[in-house]
Amino acid sequence: MTFLLQTALLARRRILETLRQPIWVFMGMSVPLMYLALFAPLLKPLAGGPGFPGGSVLDVFVPGILALMAFGSGMGAGWIVIGELESGVIERLRVTQASRLALVLGTVLRDVLMFVVPAVLVLLVATPFGFHPHWARLAILLGLLALLTAACSAGSAALGITLKQIGSLAAVVTGLQLPLTLLAGVLLPLSLGPGWLQGLAHANPMYYAVEAARDLAAGNPASATVAEGFGVMGAAALLAIWWSTRAYRRAME
């Protein structure tokens, strides 16, 4: 069986598992819509101010929410891996010829799909309320944030295999989630904050994805910020996939 076929079959398995639990699909779509409905109106007085140049505040807010969705779509992979460790699925996979990289990519592809579908829905809903998308650039924007999802998915899976305990994984993910998202400026641009906060944000890979997403949403695909975002996110995704594949191999020796 070829590597591509293995990856496709494993991704299909993951997608079917997700569809059997539609509550996750529903929540994945409803949470970002609640952000638009309940948080975005609070930003209207900031229109035209620092961090919100001309146009609608949604032009700045929506790319940040999409980045938050990309992050959240990938971070659940570790819980699935721990469930498979406890139920013996990983043990049974040891005797198969399945590529360990294909095992990782199957989950990554499912998580990317779970990001893209709700993201398109959010874009469609946000447009009538004041978001001004440059539609020709949105595919690039979604591709950029898909790299963020891939990095989070592979990294979460690697953590799950390494830690092997739901409590330990929850502690690590919870401890990382708040600083990573806040220091990325997903809800409010970091240009509103002090210099030390903006400097600290540059140590956060997610920050580059958010800044690049806002440039793409504004119709600036050739900016240095976009190139930097793709570079950082591409490197993060490759590193996380390598780490996760290595963790799978060790667990299945």
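In this predicted model, helices α1 and α6 each supply at least two residues to the lining of the largest cavity. That cavity encloses about 60 Å³ of space. The count of cavities of 30 Å³ or more comes to 1. Its lining consists of Leu10, Arg13, Arg14, Glu84, Leu93, Leu103, Gly106, Thr107 and Tyr248. By class, 4 of these residues are nonpolar, 2 are polar and 3 are charged. Arg13, Arg14 and Glu84 are among the lining residues, and arginine and glutamate count as charged. Rolling a probe the size of a water molecule over the atoms shows where empty space is left.

The fold around this cavity is helical. The chain holds 11 helices and 0 strands. Read along the sequence, the pattern is α-α-α-α-α-α-α-α-α-α-α. The C-alpha atoms fill a box of roughly 60 × 35 × 35 Å along the principal axes. For 253 residues, a compact globule would have a radius of gyration near 18 Å; the chain has 19 Å, which agrees.

An open space was examined next. The largest pocket holds about 1000 Å³ of space. It is lined by 27 residues, and those closest to its centre are Trp24, Gly28, Gly72, Ser73 and Gly76. Six elements give two or more residues to this lining: α1 (3-19), α2 (22-38), α3 (58-74), α4 (77-87), α6 (100-126) and α8 (166-182). Helix α2 provides the largest share, with 6 residues. Of the residues closest to the centre, Trp24 and Gly28 fall within the span of α2 (22-38). Gly72 and Ser73 fall within the span of α3 (58-74). By class, the pocket lining has 15 nonpolar, 7 polar and 5 charged residues. Helices α1 and α6 contribute to the pocket lining and also to the lining of the largest cavity.

Helix packing was then described pair by pair. Two packed helices are described by the angle between their axes and the distance between the axes. The axes of α2 and α3 come within 11 Å and cross at roughly 155 degrees. Angles over 145 degrees count as roughly antiparallel. Helices α2 and α3 are therefore roughly antiparallel to each other. Their crossing is right-handed. Both α2 and α3 are among the elements that line the largest pocket.

Helix α11 takes part in two of the contacts described here. In one, α7 (residues 135-163) packs against α11 (residues 224-251) at an angle of about 30 degrees. The axes of α7 and α11 lie 8 Å apart. Angles under 35 degrees count as roughly parallel. Helices α7 and α11 are therefore roughly parallel to each other. The crossing of α7 and α11 is left-handed. By class, this contact has 21 nonpolar residues, 6 polar residues and no charged residues.

In the other contact, the axes of α6 and α11 come within 8 Å and cross at roughly 125 degrees. That makes α6 oblique to α11. The crossing of α6 and α11 is right-handed. Helix α6 also supplies at least two residues to the cavity lining. Tyr248, which is one of the cavity-lining residues, falls within the span of α11 (residues 224-251).

Notes:
Residues are numbered from 1 along each chain as its sequence is written. This is a predicted model: local features need pLDDT of at least 70, side-chain atom pairs count only at pLDDT 80 or more; totals for chains, interfaces and linings use all residues. Side-chain values use heavy atoms; hydrogens and water are left out. Axes are lines fitted to C-alpha atoms, for helices over the stretch in contact, and angles run from 0 to 180 degrees between N-to-C directions. Helices (H or I, at least four residues) and strands (E, at least two) are DSSP runs, numbered from the N terminus. Angles under 35 degrees count as roughly parallel, over 145 as roughly antiparallel, 65 to 115 as roughly perpendicular and the rest as oblique. A crossing is left-handed if the near helix is turned anticlockwise from the far one by less than a right angle, and right-handed if clockwise. On a 1 Å grid over the protein atoms alone, a cavity is a set of points where a 1.4 Å probe fits but cannot get out, and a pocket is an open set with protein on both sides within 12 Å along at least five of seven lines; lining residues have an atom within 4 Å of a point. Grid points are joined across faces, edges and corners, and a volume is the space filled by probe spheres set on the points. The radius of gyration is taken over C-alpha atoms; the globule rule is 2.2 Å times the number of residues to the power 0.38.
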